[in-house]
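Me: Please take a close look at one part of the model shown here. I would enjoy a connected walk through the details, with the cut-offs given along the way.

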Amino acid sequence: MAVQAMKTRDQSAAPAHAFRTYDPRLEPIAAKVMAQQRLSANDGLALYASSDVLAVGWLANHVRERMHGDLTYFNVNRHINPTNVCVAACKLCAFGRKKGDPAGYTMALDEAWETAASGYSEAVTEFHIVGGLHPDLPLEFFLDLVQGLKKRFPKVHIKAFTMVEIAFLARRAKLSVEETLLKLREAGVDSMPGGGAEIFAARVRSIICDHKIDGEEWLETARTAHRLGFKSNATMLYGHIENDADRVDHLLKLRALQDETGGFQTFIPLAFHPENTPLDHLPVTTGLTDIRQIAVSRLLLDNFPHIKAYWQMMTPKIAQIALRFGADDLDGTVIEEKIYHDAGATTPQGLTRKELCRLITEAGRVPIERDTLYRSVTRSEESFTVAV
Ligand code: V47
């Protein structure tokens, strides 16, 4: 059955009078949301500034239910981080290591392929592959890595390499981004994750990740990927030195690119984890900030099909609450997460399908196992089938 046909109830006509707020600035925004009109940058600022977070959440939930009813997506995936060696030294990052650092690692190809097969009892439908910008590993290493994975796991979708890694690999190989993407596709890359976007505003980017491509280049790389037919995700790192205007600017730049290409599937707001980073004097985000960020994302990104509450970053408890504040996706089983755990995350390394379904069901939602492209997945004991 098509996933959309499985929506449990028609939410298109939730009564407007159900909306209540004590914040008069939210009234005109609510009217626009009900009329399915696009919100402006000023609306975004008002949503961030409002103390009536429940009203902001109500609006986001309204949109979420209009789009997806109760359906809530998750997948069975595995993260693979082939190396943490990185030429960049971003202040936001606790994962990267300089070449020669004893804590640095780089997997041999066999090791990466073995890692892919390890640590799970259910057949994964997705490999999520990201890593450091290694100074010596050529594009061919990554092509071989992906080719080897496809050969060993032909049914598994390969979601690999952020726009930052793609731009870096292209530069190293002296190829255009387009040529690099075509080679990656030939090797077996199916889509791209949303990392590396951080915050597009140059003032912030120059402090938290000055070694990375700038915001324009991130967007341009995504534009090229979408033009070639790849789907990708997009992220935003919040909760460090950015302000509300930087967040709104970031979201509206993504919305504008999505109007142009339609290539984004999911937006994932990522809360900054300061531990073990040069920014460890900053406080961690609060639950309310995380919940509001989900809601504002759902409201401003009217052309993004999905908003993901990444449970590894938010904790399963907050991610579950986010399912009633605009999020319709929890990400997946993950199995082995490094980037957040190096930065002090205390969440488990992975969750089972059963645990994800329980979180979703207890939030009053309907769990749908999806593949990376949001097609529903049906399982037998050892394998899975994707609805096409
Ligand atoms: O780009 C790095 C962030 C991202 C820290 O596309 C940090 O489905 C917080 O992009 N504190 C990588 N965040 C993770 C990522 C992702 C995760 C889950 C799903 C998807 C998807 C993508 O993690 C990086 C950066 O923005 N990050 N260090 C830190 N200390």
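Reply: Happily! K174, just after helix α6, takes a positive phi of about 55°. Helices here are DSSP runs of H or I with at least four residues, strands are runs of E with at least two, and both are numbered from the N terminus. Please keep in mind that this is a predicted model, in which local features need pLDDT of at least 70, side-chain atom pairs count only at pLDDT 80 or more, and totals for chains, interfaces and linings use all residues. Residues are numbered from 1 along each chain as its sequence is written, and side-chain values use heavy atoms, with hydrogens and water left out.

Helix α6 itself spans residues 163–173, and its buried residues are M163, V164, E165, I166, A167, L169 and A170. Buried means under 20% relative accessible area, exposed over 50% and partly exposed in between, using a 1.4 Å probe and protein chains only. These buried residues of α6 pack against α5 (139–152), α7 (177–187), β5 (191–192), α9 (215–227) and β6 (231–238), where contact means heavy atoms within 4.5 Å.

One of the neighbours of α6, helix α5, leads us to an aromatic pair: F153 sits in the loop between α5 and β4 (157–160), while its partner F127 is in strand β3 (residues 126–129), 26 residues apart. The rings of F127 and F153 are edge-to-face, 5.1 Å centre to centre with 80° between the planes. Rings of Phe, Tyr and Trp (its six-membered ring) pair if their centres lie within 6.5 Å; planes under 30 degrees apart count as stacked, over 60 as edge-to-face and the rest as tilted. F127 is buried at 0% relative accessibility, and F153 is buried too, at 15%.

By this rule there are 10 aromatic pairs. Another of them joins F19 and W58 in a tilted arrangement, with 5.6 Å between centres and 55° between planes. F19 lies in the segment before α1 (26–34) and W58 in helix α3 (residues 53–68), so this pair ties together parts that are 39 residues apart in sequence. Here the burial differs: F19 is buried, with a relative accessible area of 8%, whereas W58 counts as partly exposed at 27%.

Ring pairs also build a cluster, linking F200, W218, F264, F267 and F304. That brings us back to α6, as α9 (215–227) is among the elements that its buried residues pack against.
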